Amino acid sequence: MTIHFKDKGLRNAFKSLENIDKIDSAAVGTLLKAAEDGPGLSKTEAKDLQRWLEHTGDRMEPSAKNRLNHFLITTAIATA
């Protein structure tokens with residue numbers, strides 16, 4: 001399944017990950033690093049990461065899924 005990221009930074013980071021079979025914590029870290037490029041997590045980045053989790057969660061190692069869930073729950077979304 002193809003995932004389209006609206007956020008340019010996430011889209012660029014995902015290029016190196018889109019063909020991997022099993023998503024590990026390092027792969028999640030690559031996207032999280034791209035998401036931390038501004039003063040906070042943008043609404044677009046949050047939606048992109050949530051959609052990625054929903055569509056690829058079954059391919060994620062438990063530690064990767066936990067890492068992404070934790071990030072989405074604990075990271076404040078920028079309002080500016």
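The legends below describe close-up views of a predicted model.

**Figure 1. Confidence across the predicted model.** Averaged over the protein, the pLDDT is 89, and 96% of the residues score at least 70. Among the elements of the protein, the lowest mean pLDDT, 91, belongs to helix α1 (residues 8-14), whereas the highest, 95, belongs to helix α4 (residues 62-74). Where pLDDT is low, the predicted coordinates should not be read in detail.

**Figure 2. The largest nonpolar core and the helices that supply it.** This core has 23 residues, and those with the most contacts inside it are Leu31, Leu49, Trp52 and Leu68. Helices α1, α2, α3 and α4 each supply at least two residues of the core, with the largest share, six residues, coming from α2.

**Figure 3. Leu31 and the buried residues of helix α2.** Leu31 has its place in helix α2 (residues 25-35) and counts as buried because its relative accessibility is 0%, under the 20% cut-off for that class. Not counting residues up to four places away in sequence, Leu31 touches Phe5, Leu10, Ala13, Phe14, Leu17, Leu49 and Trp52. One of these contacts, Ala13, lies 18 residues from Leu31 along the chain, and the C-alpha atoms of the two are separated by 6.0 Å. The buried residues of α2 are Ala27, Val28, Gly29, Leu31, Leu32, Ala34 and Ala35, and what covers them includes α1, α3 and α4.

**Figure 4. Helix α3, its buried side and the face turned away from that side.** The 14 residues of α3 should span 20 Å at 1.5 Å a residue, and the end C-alpha atoms of the helix are indeed 20 Å apart, so the expected and modelled spans agree. Glu45, Ala46, Asp48, Leu49, Trp52, Leu53 and Thr56 are buried in this helix. These buried residues lie on the same side of α3, because they cover an arc of only 165° around the axis. The covering of the buried residues of α3 includes α1, α2 and α4, while the face turned away from the buried side carries the exposed residues Lys43, Lys47 and Glu54.

**Figure 5. The contacts of Trp52.** Trp52 is among the buried residues of α3 and among the residues with the most contacts inside the largest nonpolar core. Leaving aside neighbours within four places in sequence, Trp52 is in contact with Ile3, Phe5, Phe14, Ile23, Val28, Leu31, Gly57, Met60 and Leu68. Two of these partners, Leu31 and Leu68, are likewise listed among the residues with the most contacts in the core.

**Figure 6. The salt bridge of the structure and the contacts of His4.** The structure holds one salt bridge, formed by Asp48 with Arg51, whose closest N and O atoms are 2.6 Å apart. Side chains of opposite charge can pair when their charged atoms come close. Both residues lie in helix α3 (residues 43-56), three residues apart, about one turn of the helix. Asp48 is buried, with a relative accessible area of 0%, whereas Arg51, at 24% relative accessibility, counts as partly exposed. His4, found in the segment before α1, touches Arg11, Asp48 and Arg51, not counting residues up to four places away in sequence. The C-alpha atoms of His4 and Trp52 are separated by 8.8 Å, with the two residues 48 apart along the chain.

Key:
Residues are numbered from 1 along each chain as its sequence is written. This is a predicted model: local features need pLDDT of at least 70, side-chain atom pairs count only at pLDDT 80 or more; totals for chains, interfaces and linings use all residues. Side-chain values use heavy atoms; hydrogens and water are left out. A salt bridge is a side-chain nitrogen of Lys or Arg within 4 Å of a carboxyl oxygen of Asp or Glu. Helices (H or I, at least four residues) and strands (E, at least two) are DSSP runs, numbered from the N terminus. Buried means under 20% relative accessible area, exposed over 50%, partly exposed in between (1.4 Å probe, protein chains only). pLDDT is the predictor's confidence in each residue, from 0 to 100. Contact means heavy atoms within 4.5 Å. The expected span of a helix is 1.5 Å times one less than its number of residues. The arc is that of the directions from the helix axis to the C-beta atoms. A nonpolar core is a set of buried Ala, Val, Leu, Ile, Met, Phe, Trp, Tyr and Cys residues joined through side-chain atoms within 4.5 Å.
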